[in-house]
Amino acid sequence: MRYALISDIHANLPALDAVLADIRARSDTDATFHLGDLVGYAPWPNEVVQRLRDEGIHGISGNYDSTVATDYKHCGCKYEDARQEELSHVSYAWTREQVSPDTKAFLGRLPFRLDLRPFGGHVSGPTVILVHGTPINNVTYWTEDRNDDFCAKMSEVAGARSGDVIAFGHTHKPWHRMVGGVHFVNTGSVGRPKDGDWRAGYVRLDIDTSGTRVEFRRVEYDVELAARAIVAGTLPDDFAVYLRTGGMPALATTTDRLPRSG
Ligand SMILES: [Fe+2]
């Protein structure tokens with residue numbers, strides 16, 4: 001069974017479409033699931049949700065989805081500094097204003113967690129557990145530098161056993177490691193990577209009786225289309241720089257900061 005796992009699309013329709021095209025081009029993908037954070041920071045929240053519904057792609061609720069759906073006071077995001085906090089509030093208010101009642105209701109219906117059984121539920125075999133942040137909540141950042149004890153604790157909470165996979169997103173930085181025989185896979189982000197690589201990221205899992213293989217994919221997309229749409233609209237221009245620099249605006253060149261209209 002080969003799964004494509006896509007997370008943290010964040011209303012970036014060109015990035016999502018490029019990833020879906022890449023998945024389609026690899027005709028051996030059996031199923032695609034999303035890991036939440038469908039909206040926020042870019043101009044196409046309703047369009048992204050509609051695309052996933054049209055494509056029949058199921059998935060789970062990210063912090064951005066559950067906070068928008070429940071009218072929470074903020075998006076549950078982490079801020080590095082005061083400027084980032086300010087921008088985060090602007091994005092959240094903008095998104096809440098833009099999502100249609102239908103989109104909002106859809107976000108509210110997303111489940112917290114999905115379990116996949118690639119060999120079927122009638123025989124023993126690995127379980128692939130999909131969550132957005134951790135098995136406990138969708139706001140904790142499960143970064144690569146978390147120690148083995150943290151991972152083992154998450155396995156225990158999730159009920160994972162050796163051979164299982166726990167896949168999650170939320171940090172926008174992809175990584176994979178094994179602790180106690182359990183695969184921990186951070187899928188990275190489709191629409192708002194933070195690892196310095198502007199390309200859309202997702203993960204392929206290839207699972208058979210010999211084990212699980214994890215492949216991180218990066219896909220070029222029309223980042224300028226997304227950046228120009230941000231600059232032309234009412235979202236902060238900073239979000240365009242963020243996309244162009246793969247989440248590292250401090251390293252932006254003058255060119256990254258140009259509006260580039262036309
Ligand atoms: Fe996110």
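The site of the iron ion is irregular, with angles of 82 to 176° among its 4 donor atoms. I should say at once that this is a predicted model. The iron ion is coordinated by the OD atoms of Asp8 and Asp37 and by the NE2 atoms of His10 and His172, at 2.0 to 2.3 Å. Why is the site called irregular? Four donors count as tetrahedral if all angles lie between 85 and 135 degrees, and the angles here run from 82 to 176°. Square planar is the other named option for four donors, and anything else is irregular.

Along the sequence, the donor residues follow the spacing D-x1-H-x26-D-x134-H. The two histidines link distant parts of the chain, since 162 residues separate them. Histidine 10 belongs to the loop between β1 (2–6) and α1 (13–25), and histidine 172 to the loop between β6 and β7. Are these two histidines buried or exposed? Histidine 10 counts as buried because its relative accessibility is 2%. Histidine 172 also counts as buried, at 4% relative accessibility. The cut-off that applies here is under 20% relative accessible area.

Let me turn to the sheets, beginning with the one that contains β1. This is an open sheet of 5 strands in the order β3-β2-β1-β9-β10, and its pairing is mixed. At its edges are β3 (58–59) and β10 (211–219), each pairing on one side only. Within this sheet, β1 and β2 (residues 31–34) run parallel and are joined by 4 bridges. One position in this pairing is leucine 5, whose bridge partner in β2 is phenylalanine 33.

The second sheet is also open. Its 5 strands are arranged in the order β4-β5-β6-β8-β7, again with mixed pairing. The edge strands are β4 (114–116) and β7 (175–179), and each of them pairs on one side only. On average, neighbouring strands of this sheet are turned by 20° against each other, direction ignored.

I shall now go across this sheet from β4. How do β4 and β5 pair, parallel or antiparallel? Strand β4 and strand β5 (residues 128–130) pair in the antiparallel sense over 3 bridges, and leucine 116 stands opposite valine 128 in β5. Valine 128 also stands opposite valine 165 in β6. Strands β5 and β6 pair in the parallel sense over 3 bridges. Further along, β6 and β8 are parallel as well, with 4 bridges between them. In that pairing, isoleucine 166 has phenylalanine 184 in β8 as its bridge partner.

The side chains of β6 deserve a separate remark. Val165 and Ala167 point one way from the strand, Ile166 and Phe168 point the other way, and all are buried.

Which helix packs on this sheet? Helix α6 (residues 148–158) does, touching β5, β6 (165–168), β7 and β8 (182–186). The direction of α6 makes about 80° with that of β7. Helix α6 also forms part of a right-handed β-α-β unit, together with β5 and β6.

I shall close with several individual residues. Serine 91 has its place in helix α4 (residues 82–98). With a relative accessible area of 0%, serine 91 is buried. What does serine 91 touch, leaving aside residues up to four places away in sequence? The contacts of serine 91 are Gly40, Tyr41, Tyr64, Leu235 and Phe239.

Aspartate 17 is found in helix α1 and counts as partly exposed because its relative accessibility is 26%. Between the C-alpha atoms of aspartate 17 and alanine 200 there are 10.0 Å in space, although the two are 183 residues apart in sequence.

Glycine 56 lies in the loop between α2 (45–55) and β3. At a relative accessible area of 44%, glycine 56 is partly exposed. Its C-alpha atom is separated by 31 Å from that of glutamate 156, which lies 100 residues apart from glycine 56 along the chain.

Finally, aspartate 222 is found in the loop between β10 and α7 (223–232), and with a relative accessible area of 41% this residue is partly exposed. Aspartate 222 and arginine 161 are 61 residues apart in sequence, and their C-alpha atoms are 41 Å apart in space.

Notes: Residues are numbered from 1 along each chain as its sequence is written. This is a predicted model: local features need pLDDT of at least 70, side-chain atom pairs count only at pLDDT 80 or more; totals for chains, interfaces and linings use all residues. Side-chain values use heavy atoms; hydrogens and water are left out. Two strands pair if DSSP finds at least two bridges between them. Axes are lines fitted to C-alpha atoms, for helices over the stretch in contact, and angles run from 0 to 180 degrees between N-to-C directions. Contact means heavy atoms within 4.5 Å. Donors are N, O and S atoms within 2.8 Å of the metal (3.2 Å for Na, K and Ca); water is not among the atoms, so sites may look incomplete. Four donors count as tetrahedral if all angles lie between 85 and 135 degrees; four count as square planar and six as octahedral if opposite donors are over 155 degrees apart and all others between 65 and 115; anything else is irregular. Buried means under 20% relative accessible area, exposed over 50%, partly exposed in between (1.4 Å probe, protein chains only). A crossover is right-handed if, with the strands pointing away from the viewer, the path from the first strand over the helix to the second runs clockwise.
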